[in-house]
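This report covers the surroundings of a ligand, and then the contacts among aromatic rings and charged side chains.

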Amino acid sequence: MASSDSEFNPDLLLAHKLPETRSTYNERDVAIYALGVGACGQDAVDSDELKFVYHENGQEHVQVLPTFVSLFSLGSLTDGLDLPGFKYDPSLLLHGQQYIEVYRPLPSKASLINKVSLAGLQDKGKAAILEIETRSYEQGSGELLCMNRTTVFLRGAGGFSNSSQPFSYKNYPSNQGLAVKIPQTQPSAVCEERTQPSQALLYRLSGDYNPLHSDPNVAKLAGFPRPILHGLCTLGFAIKAVIKCICKGDPSAVKTISGRFLATVFPGETLITEMWLQGLRVIYQTKVKERNKAVLSGYVDIRGLSSSL
Ligand SMILES: CCC/C=C/C(=O)SCCNC(=O)CCNC(=O)[C@H](O)C(C)(C)COP(=O)([O-])OP(=O)([O-])OC[C@H]1O[C@@H](n2cnc3c(N)ncnc32)[C@H](O)[C@@H]1OP(=O)([O-])[O-]
């Protein structure tokens with residue numbers, strides 16, 4: 001059960017205000033993040049990826065991968081969520097889905113104010129699904145730069161209601177968050193990348209220090225044979241593949257990203273991302289090569305296509 005209190009009221013929980021968080025980053029953070037999601041991990045002079053970690057050809061700033069914005073949603077989660085009347089075991093939390101809207105390319109350094117709200121709660125019986133929305137505004141100008149919706153799967157926290165209908169989500173488009181249908185046709189592009197055995201140890205330096213990703217004993221207590229890769233790290237690999245193969249290496253082409261984490265990834269495994277271009281939407285699916293297992297699927301909406309595609 002989510003709560004020992006039989007009067008638990010999901011609507012009251014959703015009305016609960018979460019504190020604002022702040023994110024300040026610079027080019028070093030941008031580059032460390034890019035390395036964490038495998039930039040130049042297969043080829044140190046990769047012409048599509050060097051710009052994310054180095055001022056290639058005298059460029060003034062390193063470029064920011066669009067998935068970097070997912071880091072702004074971490075603060076409220078990694079500090080532990082204060083959810084009145086709702087109890088869950090943080091060690092059993094898994095990342096279920098991430099939905100991102102990027103309104104303009106991110107500067108290579110900035111200070112942001114993140115406004116966080118609880119957007120949804122759903123009772124799945126064996127688990128509860130909680131959705132947190134984070135809107136990030138540039139400090140000073142007040143401009144809204146991006147929005148994240150993070151879905152967490154709280155194993156063992158379901159059974160708090162008689163309904164499997166979601167509470168809230170009422171501000172969402174009706175099709176958001178659904179698992180995508182993978183086309184049965186040949187993909188438009190395929191990208192293969194091996195993650196490093198130390199990938200989670202590198203990725204965690206971008207701000208998610210949950211020991212589930214680094215400590216073998218904590219991983220075992222959570223039900224895994226060894227530490228697992230952060231979901232947002234896998235998402236970073238997949239979207240980097242879409243940028244490389246579909247967007248001709250241009251990160252500013254990405255407008256919207258949706259991803260559902262289907263199964264866990266272990267650092268060191270090889271990720272194969274298949275992509276299907278449908279108009280301005282790219283449907284993608286990432287599989288672990290060694291286990292032939294789908295681990296992530298979703299879509300990316302892009303602003304336009306280069307005429308050479
Ligand atoms: C954020 C900061 C912390 C970061 C932590 C990490 O990185 S952890 C590392 C990264 N994360 C990972 O590694 C997690 C990888 N994913 C998994 O291990 C599994 O997908 C699971 C344990 C999340 C659910 O598996 P299962 O066998 O227990 O589930 P089932 O198939 O029996 O479905 C039950 C219900 O839940 C629904 N539903 C299912 N999946 C999702 C989803 N992803 N999302 C949302 N909803 C989902 C499904 O539609 C169904 O609803 P219906 O139809 O009954 O109304």
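## Ligand shell

Around the ligand there are 21 residues, of which Gly96, Lys124, Lys126, Gly231 and Phe261 come nearest. The model is a predicted one. By residue class, the shell around the ligand holds ten nonpolar, seven polar and four charged residues.

Two strands, β2 (93-102) and β8 (254-261), each contribute at least two residues to this shell. The largest share, five residues, is supplied by β2.

## Polar contacts and cover

Lys124 places a polar side-chain atom 2.6 Å from an oxygen atom of the ligand. Phe261 approaches through its backbone: an N or O atom there lies 2.9 Å from a nitrogen atom of the ligand. For Leu262, a backbone N or O atom is 3.1 Å from an oxygen atom of the ligand. On its own the ligand has 1100 Å² of accessible area, and the protein covers 70% of that.

## Aromatic pairs

Seven aromatic pairs are found in a search of the whole structure. In one of them, Tyr33 and Tyr203 meet edge-to-face, with 6.1 Å from centre to centre and 65 degrees between the planes. Tyr33 belongs to helix α2 (residues 27-36) and Tyr203 to helix α4 (residues 199-203), so this pair ties together parts that are 170 residues apart in sequence. Tyr33 has a relative accessibility of 1% and therefore counts as buried, the limit being under 20%. Tyr203 is buried as well, with a relative accessible area of 2%.

The rings of Phe68 and Phe72 also form a pair: their centres are 5.8 Å apart and their planes stand at 90 degrees, so the arrangement is edge-to-face, for which the angle must be over 60 degrees. Phe68 is buried at a relative accessible area of 2%, and Phe72 counts as buried at 3% relative accessibility. Ring pairs join Tyr33, Tyr203, Phe68 and Phe72, together with Tyr25, into a cluster.

## Charges over rings

Two tyrosine rings have a charged side-chain end over them. The charged end of Lys115 is placed over the ring of Tyr137, at 5.0 Å from the ring centre. For Arg281, the charged end sits over the ring of Tyr299, and the distance to the ring centre is 3.7 Å.

Note on methods
Residues numbered from 1 in each chain as written. Predicted model: local features only at pLDDT ≥ 70, side-chain atom pairs only at ≥ 80, totals over all residues. Heavy atoms only, no water. Phe/Tyr/Trp six-rings, centres within 6.5 Å; stacked < 30°, edge-to-face > 60°. Helix = DSSP H or I, 4+ residues; strand = E, 2+ residues; numbered from the N terminus. Buried < 20%, exposed > 50% of the residue type's maximum accessible area, 1.4 Å probe, protein only. Lys NZ or Arg CZ within 6 Å of the ring centre and 35° of its normal. Near = heavy atom within 4 Å. Polar contact = N/O pair within 3.5 Å; in protein donor to acceptor, adjacent residues only side chain to side chain. Areas by Shrake-Rupley, 256 points an atom, 1.4 Å probe, with all protein chains shown as cover. Nonpolar A, V, L, I, M, F, W, Y, C, P; charged D, E, K, R; others polar.
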